Amino acid sequence: MRLFKPDYYVRNFEKINLDRLKKRGIKLLLCDIDNTLVAYNDPDSNAKVKRFLRDVEAHGIQVALCSNAAPARAKRFARDLDVEKVYYLSFKPLARNMKKAMRHFHVSPRQTALLGDQLLTDMLGGHLAGVYTILTAPIIEKDKLDTRINRFFEGFIYRHFEKNNILKKGDFDD
Ligand SMILES: [Mg+2]
């Protein structure tokens with residue numbers, strides 16, 4: 001169960017304490033897109049996301065997108081956000097694309113963080129890749145079909161966490 005537990009839990013990306021990441025020695029932030037940066041059904045990014053990514057970079061942390069989304073959607077975001085590297089069809093929790101990104105940016109797992117909204121894909125995948133995991137509450141409660149199935153199992157994990165005083169849903173670190 002500890003493979004699903006985030007290292008850092010926030011309400012949304014704007015709440016992330018970037019100095020905390022910098023102090024940990026994080027050099028690369030891999031961002032999930034759907035329900036992490038924007039609602040899963042939102043075709044466009046927005047000024048808040050752009051400001052966040054610039055802010056991350058201002059802290060000396062490089063940014064790449066690491067999404068399970070289809071190429072068209074992921075590439076459109078990367079273009080719009082002016083992010084050079086975008087990894088789509090990542091099939092998280094597989095660590096393959098995260099490892100690819102770390103090789104590209106010449107960083108180690110200890111220098112890398114993954115930001116995402118799901119326990120079964122993002123948190124598990126991040127742990128399997130050995131990176132620092134940041135969980136955000138999803139932007140909207142609605143999900144696409146495959147995610148709805150994941151959320152069903154996620155419910156069990158959150159209940160286990162809460163029962164064992166590991167993590168309480170909505171009880172954020174920052
Ligand atoms: Mg997501």
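User: Where does Arg159 lie in this predicted model, and is it buried or exposed?

Analyst: Let's start with its place: Arg159 sits in helix H6. To judge burial, we look at relative accessible area, and over 50% counts as exposed. Arg159 is at 52% relative accessibility, so it counts as exposed.

User: Which distance separates Arg159 and Lys169 in space?

Analyst: Here we compare two kinds of separation, along the chain and in space. Arg159 and Lys169 are ten residues apart in sequence, and their C-alpha atoms are 8.7 Å apart.

User: Helix H6 also holds Phe152 and Phe156. How do I read their rings, edge-to-face or stacked?

Analyst: I'll come to that pair after another one, since the angle between planes is what you read each time. By the ring-pair rule, the count in this model is five aromatic pairs. Take Phe13 and Phe52: their ring centres are 5.0 Å apart and their planes stand at 45 degrees, so this pair is tilted. Phe13 belongs to the loop between E1 and H1, while Phe52 belongs to helix H2, so the pair ties together parts 39 residues apart in sequence. Both Phe13 and Phe52 are buried.

Now for your pair. Phe152 and Phe156 are edge-to-face, with 5.4 Å centre to centre and 85 degrees between the planes. They are four residues apart in helix H6, which means about one helical turn separates them.

User: How exposed are Phe152 and Phe156?

Analyst: Phe152 is exposed, with a relative accessible area of 53%. Phe156 is at 44% relative accessibility, so it counts as partly exposed. There is also a cluster here: ring pairs link Phe152, Phe153 and Phe156.

User: Which residues touch the most other members in the largest nonpolar core?

Analyst: A good way to read a core is to ask which members have many neighbours within it. This core has 29 residues, and those touching the most other members are Ile16, Leu21, Leu29, Phe52, Leu65 and Ile134. Elements giving two or more residues to the core include strand E1 (8-10), helix H1 (18-24), helix H2 (47-58) and strand E6 (132-136). There is also a second, separate core of 14 residues, with Leu30, Met98, Met102 and Val107 among them.

User: What does Leu65 touch?

Analyst: Leaving out residues up to four places away in sequence, Leu65 touches several residues, including Cys31, Ile33, Leu37, Phe77, Leu81 and Tyr87.

User: How much space lies in the largest pocket, and which residues are closest to its centre?

Analyst: Here is the general idea: rolling a probe the size of a water molecule over the atoms shows where empty space is left. In this model, the largest pocket holds about 240 Å³ of space. Its lining has 19 residues, and those closest to the centre are Asn68, Gln118, Lys144, Asp146 and Thr147. Helix H5 (119-129) and helix H6 (145-163) each give two or more residues to the lining. The largest share, four residues, comes from H6. By chemical kind, the lining divides into three nonpolar, seven polar and nine charged residues.

User: What about the backbone? Which peptide bond is cis, and where is a positive phi found?

Analyst: First, the background: most residues other than glycine have a negative phi, and most peptide bonds are trans. Against that background, the bond from Lys92 to Pro93 is cis, with omega near 20 degrees. Pro93 is in the loop between strand E4 (86-87) and H4.

For positive phi, look at Asp82, with a value near 60 degrees. Asp82 is in the loop between H3 and E4, and it is exposed, with a relative accessible area of 61%. His106 has a positive phi too, of about 55 degrees. His106 is in the loop between H4 and E5, and at 72% relative accessibility it counts as exposed.

User: Which residues does Gln111 touch?

Analyst: Let's read sequence and space together once more. Gln111 is in the loop between helix H4 (96-105) and E5. At 27% relative accessibility, Gln111 counts as partly exposed. Apart from residues up to four places away in sequence, Gln111 touches Gly25, Ile26, Lys27, Leu28 and His106. Gln111 and Ile26 are 85 residues apart along the chain, yet their C-alpha atoms are separated by 4.2 Å.

Key. Residues numbered from 1 in each chain as written. Predicted model: local features only at pLDDT ≥ 70, side-chain atom pairs only at ≥ 80, totals over all residues. Heavy atoms only, no water. Core = buried A, V, L, I, M, F, W, Y, C linked by side-chain atoms within 4.5 Å. Buried < 20%, exposed > 50% of the residue type's maximum accessible area, 1.4 Å probe, protein only. Contact = heavy atoms within 4.5 Å. 1 Å grid on protein atoms, 1.4 Å probe; cavity = no way out; pocket = protein on both sides within 12 Å on 5 of 7 lines; lining within 4 Å. Points joined across faces, edges and corners; volume = space filled by probe spheres on them. Nonpolar A, V, L, I, M, F, W, Y, C, P; charged D, E, K, R; others polar. Phe/Tyr/Trp six-rings, centres within 6.5 Å; stacked < 30°, edge-to-face > 60°.
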